[in-house]
Amino acid sequence: MKRIRRMRFVAKLTLVASMAALCAGVIGSAQPAAAFTNIGRTVAAGNDFSLVLGSNGIAMGFGVNYWGQLANSTNNNTVIANPVPSVIDPSNLVAIAAGHTWGVGLDSFGRVWTFGNNMYGQLGRSANAGTNNPNPVSTLVAGLSNVTAIAAGQEHTLALRSDGTVWGFGTNGFGELGSAIPVGNMTTTPVKIPGLSNIISISAGGGHSLALGADGSIWAFGTNYFGQLGNTENNGVGGGSNPTPRKIELLASVARHLRGHELQPRVDVRRRGVGVRFEWQRRAGAYREPDR
């Protein structure tokens with residue numbers, strides 16, 4: 001009888017512990033490790049996978065991992081879902097970027113790390129270039145230092161250095177790497193993009209690139225099929241390339257049009273409803289957006 005009572009007592013303790021664990025959310029779901037805390041610095045989305053960077057410098061990835069774009073070998077060469085975040089090395093990242101099928105990380109020392117698909121050399125190394133083999137290990141890109149920003153496009157990667165120069169690697173199918181290498185070629189090593197200096201921000205598109213100068217100028221190069229370079233050169237031309245960075249003059253014309261009007265936004269929150277009305281005031285008279 002005493003043994004039965006003892007067994008019942010143990011069973012009750014087990015049930016209580018299980019209920020407590022269930023309320024705490026540790027039963028029935030995969031739990032993040034301690035490294036998964038302090039999320040909130042930045043996020044990036046690729047093709048069917050996501051990257052997040054915490055304020056503690058630790059990055060994580062989840063989604064498809066066919067090419068190792070989550071920086072691990074789990075479910076490589078498959079399209080199995082990977083919904084549980086996994087840690088990405090190294091642990092001192094300050095920025096992340098997601099290309100179509102690969103990831104890029106920038107660490108606190110100004111170095112660049114890549115992982116995932118390297119079909120076009122977009123990982124900045126020769127291993128598995130020109131193949132669909134996975135590259136699940138986050139690897140340092142040689143030849144790059146003092147990097148302050150990174151960007152990942154469809155098949156190319158950009159890096160901005162502290163001296164204001166822009167470097168790239170991967171495909172140059174439409175001139176998205178400028179004229180550093182012939183259009184139609186690819187490079188597995190970083191190359192300096194000619195015609196750009198004093199750059200403070202970069203962005204990479206499907207087959208084109210953008211750069212922002214310290215003086216506010218905007219530079220664009222690569223494919224211009226849909227006019228994404230802000231000019232009419234090679235619009236609607238399949239395979240048309242524009243490897244020379246060109247300043248987007250449209251922005252300058254807009255600035256000239258607005259110059260002297262001293263536009264300033266003012267928010268007018270109406271009492272009724274939750275609508276917000278924005279008004280723009282000029283020196284002479286006032287312009288108000290029509291009520292909606």
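These are my notebook entries on what I looked up in this predicted model.

**Entry 1: confidence**

I began with the confidence values, and I noted that the mean pLDDT of the protein is 81, with 72% of its residues at 70 or more. I then looked at residues 1-34, where the pLDDT is below 50, and found that this stretch has seven contacts in the model beyond near neighbours in sequence. Residues 260-292 also have a pLDDT below 50, and for this stretch I wrote down 37 contacts beyond near neighbours in sequence.

**Entry 2: a four-stranded sheet**

Next I followed an open sheet of four strands, whose order is β9-β10-β11-β12 and whose pairing is antiparallel. Which strands stand at the edges of this sheet? I found β9 (147-152) and β12 (186-192) there, and each has a single partner strand, so one side of each is left without a neighbour in the sheet. Ignoring direction, I noted that neighbouring strands of this sheet are turned by 10° against each other on average.

I then went through the pairings one at a time, starting with β10 (residues 156-161), which is joined to β11 by five bridges and runs antiparallel to it. In this pairing I marked G170 of β11 as the bridge partner of H156. The two strands form a hairpin with four residues between them, and in the turn I came upon G164, which has a positive phi of about 85°.

On to the next pairing, where β11 (residues 166-171) meets β12 in the antiparallel sense over four bridges. Here I traced W167 to its bridge partner K192 in β12, and G168 to its bridge partner V191. I also checked how covered β11 is, and six of its six residues turned out to be buried.

**Entry 3: the largest nonpolar core**

Which residues have the most contacts inside the largest nonpolar core? This core has 15 residues, and I listed V104, L106, V112, L144, V147 and I150 as those with the most contacts inside it. The elements that give two or more residues to the core are β5 (93-98), β6 (102-107), β9 and β11. I picked out V147 for a further look and, leaving aside its neighbours within four places in sequence, found V147 in contact with L106, G110, V112, A159, L160 and R161.

**Entry 4: another hairpin**

I also looked at β13 (residues 199-204) and β14 (residues 208-213), which pair in the antiparallel sense over five bridges. A hairpin of three residues joins β13 to β14, and I saw that I202 stands opposite A211 in β14.

**Entry 5: backbone details in the loops**

In the loop between β4 (86-88) and β5 I located P90, which is joined to D89 by a cis peptide bond with an omega of about -5°.

I then turned to A71, which lies in the loop between β3 (59-63) and β4 and has a phi near 65°, a positive value in a residue other than glycine. N146, in the loop between β8 (139-140) and β9, likewise has a positive phi, of about 55°, although it is not a glycine.

Is each of these two residues buried or partly exposed? A71 has a relative accessible area of 15%, and because buried means under 20%, I entered A71 as buried. For N146 the relative accessible area is 43%, so I entered N146 as partly exposed.

Terms used: Residues are numbered from 1 along each chain as its sequence is written. This is a predicted model: local features need pLDDT of at least 70, side-chain atom pairs count only at pLDDT 80 or more; totals for chains, interfaces and linings use all residues. Side-chain values use heavy atoms; hydrogens and water are left out. Two strands pair if DSSP finds at least two bridges between them. pLDDT is the predictor's confidence in each residue, from 0 to 100. Contact means heavy atoms within 4.5 Å. Axes are lines fitted to C-alpha atoms, for helices over the stretch in contact, and angles run from 0 to 180 degrees between N-to-C directions. A nonpolar core is a set of buried Ala, Val, Leu, Ile, Met, Phe, Trp, Tyr and Cys residues joined through side-chain atoms within 4.5 Å. Buried means under 20% relative accessible area, exposed over 50%, partly exposed in between (1.4 Å probe, protein chains only).
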